[in-house]
Amino acid sequence: MKLLYTSTLMLLAMTILLGGVYPLAVWGVGQLLFPSEANGSLIYRDGKVAGSRLIGQRSSSPGYFYSRPSAAGDGYDAAASAGSNLGPTNRVLIERVAAEADRLSFDGPQRPVPADLVTTSGSGLDPHISPAAAEFQVPRVAKERGIAEGRVRELVAKYTSGRELGIFGEPRVNVLGLNIELDETAKNVR
Amino acid sequence: MNVYGIVQIVIYLVVLTLLTKPVGIYIARVYAGERTGPEAVFGPIERSLYRICRVDPATEMNWRQYGAATLMFSLVCGVSVYLIQRLQYFLPLNPAGLSGPSPDSSFNTAVSFMTNTNWQGYSGETTMSYFTQMTALTVQNFVSAAVGMALAIVFIRGIARFETDRLGNFWADVVRGTLYILLPISLAAAIFFVSQGVIQNFREYDLAQTLDGGIQTIAQGPAASQIAIKQLGTNGGGFFGVNSAHPFENPTPLTDFVQMLLILLIPAGFTYTLGRMVRSQRHGWAVYGAMMVLLIAGIALSYWAESQGNPLFPGSVDQAVAGGNMEGKEVRFGVANSALWATLTTAASNGSVNSMHDSFTPLGGLVPLLNIQLGEVIFGGVGAGMYGMLVMIILTVFIAGLMVGRTPEYLGNKIEAYDIKMAMLYILIFPLSVLGLTAVSVLMPDAGLSSLNNPGAHGLSEVLFAFTSATGNNGSAFAGLNANTAWYNTSLGIAILVGRFYMIIPVLAIAGSLAGKREVPASLGTFPVNTAMFAVLLVSVILIVGALTFFPVLSLSPILEHLQMINGQVM
């Protein structure tokens, strides 16, 4: 009985400290020092939330850079993150990849499609594509928008991050940032 | 495999090694009751906790009392997590209006978090309110880790002490581990994570107007505080469904690197703590060496296999430019960091993921599966890895003793029949639960097989991985398996309980037995446990015990699938 009493009190005290004070302390410091990051790195357009710098979006119009395929909800559902969880020998996976590669090759250059552009990410929310996957799409986007490929490449370069500290992670292109900037560029031209 | 990938892996291993000694010394000081830096802040909290709970931290317990306190505290924790989930709808901080999970799911989650497993049948953003995440799950991430560390410390005290039955005070060990090890490091890590983009807020889910005219609901919440401890405490339970693959949980390669470090920080440090407490630092390093050899072998196989890509993809896909098999992986991490993470998270009993193991190549997926099946002793969980390894060491010393025909001794403790019986109990319960429950599941077409996401050999891998992960208290998954069903929630919950408590009791019994022994001075006939020869023997025993037990079933799952894949068979 003494043990039950001690256990209950200990858990209660720990809950106040670790389930209350600790997360609130991190929340306070975060909101004070890093308000944008703590609230989801949101991007605003015309005063409305247009998305998050960290969360990918579905982009199906050929004038935009395509994101990777997504298994989150019906595609990039940021309230239902998910991977496909298809195994490497699963027919569903192999056929899906082949169909996606065919679709992208149809209106793209006649060379192999970079693998990240035909595979789903772990989260279904990957905000990035590889620089190769961006380069693969440059001719299509430039043609659709009627701007020079060189100009599109400049924008791609602007939204490309290298390895952190030159070592960690992989080079990557932020698709949403790039697509928003493409729209802005179009506005200025008009 | 490329130079960048290899360099990142080497840097990781070097940094981990450099941290082993300072962390190990610090852990030893905390449990010896010595003053440490954070005492200035947390000392008053520690003393008031003892006062509120009417605990005398100086009163040491024997192994039975220690075990009883462990069990009672775990029971209270489990009940609390269950109730908070079931009452979630009526509790505050639930902006998405989520109703409580079903009874079987709540049971599964309760035992999963109280045992440091963090197997998740549910998906965070569609199931758990902010209140539940904080007061139920985050709290368990701390205290279940503190319990694991306390048990490892008790085992080491059992080895180091002679002719006593006193092993320490459970409450003091749990409180000190939480306040002086877990909380300060988590605080610092959580704030770093927020600076990188991990969210920490209480917002309603945001509605974004997307570029193609749709609406994207963006889940929010207090994630950073939970993610720091989920890695440090080797719990692994994600705030979101996809865990550390989610950009809000793990936004940059730097957060990825730090999270990987947190996973093995305490388990690696414990090898030094062991050496310090038994006054044989070379023994600590020998154990570290054995673990490191197995870890590097796993990383190499996993990275190599994933770099090869999937040979069944059509020729119109360029896998080399992306580094290999990218299905289920994030671009920012790439193949090297995904393979490294998968190996670490299963070497430890962490189980968080930054890529989907279910979509790994067969051999890439074999590594995490085998890591858990070897008993999670390759560094292992906080505490749990250390006491698992100590059981393996006792077995190794015993086998070495048999080979030279002398009574086995371990650091002055004569190893006798009772100790070996308990060690074998520990070793045999694990495959019994894993293989038994897997077999039962695959024999049930409705309850067992209808949850599969993949056909053929890979389907067996999914079920096998689930019971391996649950019994091993790991928590990672071949996540395609729909485990949120009455059968899997219940059976996996039982596997988790078996894997924690049926293993803790033999561990405590050995600790009690060793502490009571009279010290045997080392002689010429004593098998030294501080040499490379010992490390080699230890690795061999781990591989023989684990591999022989699981080889038959592995040959029907990942190994068979590998053979099918390289022969071009699509299922």
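Begin by selecting residues 113-114 of chain A, which form strand β3, together with β3(B): in this predicted model, the two strands pair in the parallel sense over two bridges. Within that pairing, pick out Val113(A), which stands opposite Val317(B) in β3(B). As background to what you are seeing, strands of a sheet pair through backbone hydrogen bonds, either parallel or antiparallel.

Next, move along chain B to Val321(B), which lies in the loop between β3 (317-318) and α11 (334-347) of chain B. Is Val321(B) buried or exposed? Val321(B) counts as partly exposed, because it has 17 C-beta neighbours inside 10 Å, whereas a residue would need 20 or more to be buried. If you set aside its neighbours within four places in sequence, Val321(B) is in contact with Pro114(A) and Ala132(A), so select those two residues of chain A alongside it.

Now widen the selection to the whole meeting of the two chains, where 108 residues of chain B are in contact with 89 residues of chain A. On the chain B side, colour helix α7 (residues 170-196), which gives the most to the side that touches chain A, with eight residues. Colouring that side of chain B by class will show 58 nonpolar, 37 polar and 13 charged residues.

Turn then to chain A and select β4, β6 and β5, which form an open sheet of three strands in the order β4-β6-β5, with antiparallel pairing. The edge strands, each pairing on one side only, are β4 (128-129) and β5 (160-161) of chain A. Looking closer, β5(A) pairs with strand β6 (residues 172-174) of chain A in the antiparallel sense over two bridges, and Thr160(A) can be found opposite Val173(A) in β6(A).

Finally, show chain A as a whole, which has six helices and six strands, running from the N terminus as α-α-β-β-α-β-β-α-α-β-β-α. Chain A is more spread out than a compact globule, because its radius of gyration is 22 Å, well over the 16 Å that the globule rule gives for 190 residues. Along the principal axes, the C-alpha atoms of chain A fill a box of roughly 75 × 45 × 35 Å. To see how the chain is divided, colour domain 1 (1-39) and domain 2 (41-189) of chain A separately; the C-alpha centres of these two domains lie 39 Å apart. Of the 190 residues in chain A, 48% are buried.

Definitions and conventions:
Residues numbered from 1 in each chain as written. Chains lettered and ligands numbered in written order. Predicted model: local features only at pLDDT ≥ 70, side-chain atom pairs only at ≥ 80, totals over all residues. Helix = DSSP H or I, 4+ residues; strand = E, 2+ residues; numbered from the N terminus. Buried ≥ 20, exposed ≤ 12 C-beta atoms within 10 Å, placed from the backbone. Contact = placed C-beta atoms within 7 Å. Pairing = 2+ DSSP bridges. Rg over C-alpha atoms; globule rule 2.2 N^0.38 Å. Domains from an automatic or database assignment. Nonpolar A, V, L, I, M, F, W, Y, C, P; charged D, E, K, R; others polar.
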